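Student: Please give me a close look at one turn of the chain and its surroundings, and then follow the thread outward from there. I would like a connected account, with the cut-off behind each term you use.

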Amino acid sequence: MKIGIIGAGQLGQMLGFAARDLGMQCIFVDPSPSPPAAACGEVIQAAFDDKAALSTLAENCDVVTYEFENVPVAALKEISDRVPVYPPPEALLHAQDRLAEKRLFTGLDIPLPAFRCVDSMADLEKAVAEIGLPLVLKTRRLGYDGKGQFVIKTAEDVATAWQQLGGAALIAEQWIDFDYEVSAIGARNPSGDVISYPLTQNRHVDGILHTSRAPVENDVLTRRAEKYLQRLLEKLDYVGVLTLELFVTGDQLIANEFAPRVHNSGHWSIEGAQPSQFTAHLLAICDASLATPVMGGYAGMLNLIGAIPEATRKLQTGNLHDYGKEARPGRKLGHITVITETMAERERLLDELERSVT
Ligand SMILES: Nc1ncnc2c1ncn2[C@@H]1O[C@H](COP(=O)(O)OP(=O)(O)O)[C@@H](O)[C@H]1O
Ligand SMILES: [Mg+2]
């Protein structure tokens, strides 16, 4: 099998390593000169919507997928009559626009924060009056790692928030005082088989994923999350891995957003589950059968952001993944996964790792 992958960042790299184990070959499209996925396949250096590059994928690959959600949908539609493109572009349309995404959740009866579309200062003032404070103002498009967001805590913040984000299409969202955050990761193949991973608990710092822990041992939340995930997968006639991010308050789940792709919060599955999210994505898009993931213990993952300190490498705790990227503040450069027999041991190792990066 030959897999075309749009985007050659670390997610592409991890897909590429999983593909190699399955005896598959990958061809990537990415504008950067030496992206992480160059370690595991050929990279066509071109814009993500470059017609010639996408045609090369369509002609040479059995299936085309992507590793990030800002791929121009029109470009995918142009090749989708020549080669299967999974996940379906329809899913991308919803994931690229927070308003469309929230309407999708509403239509599927998936609980979500109160929200209002904001196109003017008057809209924003009305949203503040109706939703109340605090609330978070977000750009509808192109946000990631907490970028394009402003938390409005007091009436005085309203003008500053508008100054910073006004001009772009926005959405105002009720602030959820959550107990913790989780992600539900699942996969579906074209035959309609669905698998899901145990719930993962996520901690974000400054809007960026910091640590993930799996499994969340809570049957009520797990069943609820699987139900919501299933509704999304079926509604979108989805193929591949999908990640749903949720806030937990008591035994309620409130949907935040979904990503039509493998996800940072599922990186622990490389060592912690069989199949990993990367293998599951490849199997799903190739219409292979999907087995329920088997856990190998308690999993913990720490992101390495901005730098990979020598002290962290020296610890030799867990399994280090270095994406080979140039260091830059706020940039995800790698991660470390620990798999343990007990929860206490996982916490001990994560503590040790966290101390080494701060
Ligand atoms: N409505 C909200 N209530 C509480 N926290 C929020 C809310 N929206 C976002 N956050 C916090 O900010 C993080 C990033 O926001 P998110 O909408 O997931 O954007 P991104 O696309 O950058 O991941 C969330 O994981 C959560 O920690
Ligand atoms: Mg998010």
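Tutor: Pro134 is found in the loop between α6 and β6, where helices (H or I, at least four residues) and strands (E, at least two) are DSSP runs numbered from the N terminus. The peptide bond that joins Leu133 to Pro134 is cis, with omega at about -5 degrees. Before going further, note that this is a predicted model, in which local features need pLDDT of at least 70 and side-chain atom pairs count only at pLDDT 80 or more, while totals for chains, interfaces and linings use all residues. Residues are numbered from 1 along each chain as its sequence is written, chains are lettered from A and ligands numbered from 1 in the order in which they are written, and side-chain values use heavy atoms, with hydrogens and water left out.

The strand that follows this loop belongs to an open sheet of 4 strands in the order β5-β8-β6-β7, with antiparallel pairing; two strands pair if DSSP finds at least two bridges between them. Because β5 (115–118) and β7 (149–152) stand at the edges with a single partner strand each, one side of each has no neighbour in the sheet. On average, and with direction ignored, neighbouring strands here are turned by 20 degrees against each other; such angles run from 0 to 180 degrees between N-to-C directions, along lines fitted to C-alpha atoms, for helices over the stretch in contact. Strand β6 (residues 135–139) runs antiparallel to β7, and 4 bridges join the two. One of the residues involved is Leu135, whose bridge partner in β7 is Ile152. Helix α6 (residues 121–131) packs on this sheet, touching β5, β6, β7 and β8 (170–174), and its direction makes about 170 degrees with that of β5; contact here means heavy atoms within 4.5 Å. Helix α7 (residues 157–165) also lies across β5, β6, β7 and β8, running at about 175 degrees to β7.

Another cis peptide bond joins Gln274 and Pro275, with omega at about 0 degrees, and Pro275 is found in the loop between β15 (273–274) and α10. That helix leads us to the interior. The largest nonpolar core has 36 residues, of which Ile3, Phe28, Tyr197, Trp268, Phe278, Leu282 and Ile285 touch the most other members. A nonpolar core is a set of buried Ala, Val, Leu, Ile, Met, Phe, Trp, Tyr and Cys residues joined through side-chain atoms within 4.5 Å, and buried means under 20% relative accessible area, exposed over 50%, and partly exposed in between (1.4 Å probe, protein chains only). Among the elements that give two or more residues to this core are β1, β2 and α10 (277–285), and α10 gives the most, with 6 residues. Apart from this core lies another, of 25 residues, among them Ala91, Tyr228, Leu233 and Leu244.

Ile3 also ties the core to a parallel sheet, since we meet its contact Thr65 there: leaving aside neighbours within four places in sequence, Ile3 is in contact with residues including Thr65, Leu282 and Ile285. Thr65 is found in strand β4 (residues 63–66) and is buried, with a relative accessible area of 0%. A polar contact of 2.8 Å joins the side chains of Thr65 and His281; such a contact is a pair of N or O atoms within 3.5 Å, and within protein one must be able to donate a hydrogen and the other to accept it, with residues adjacent in sequence counting only if both atoms are side-chain atoms. A polar atom of the Thr65 side chain also lies 2.8 Å from the backbone oxygen of Tyr86.

The sheet that holds β4 is open, with 4 strands in the order β3-β2-β1-β4 and parallel pairing. Since β3 (42–45) and β4 stand at its edges with a single partner strand each, one side of each is left without a neighbour in the sheet. Neighbouring strands are turned by 25 degrees against each other on average, direction ignored. Strand β1 (residues 2–6) runs parallel to β4, joined to that strand by 4 bridges, and Gly4 has Val64 as its bridge partner in β4. Helix α2 (residues 51–60) packs on this sheet, touching β1, β2 (25–30), β3 and β4, with its direction at about 160 degrees to that of β1.
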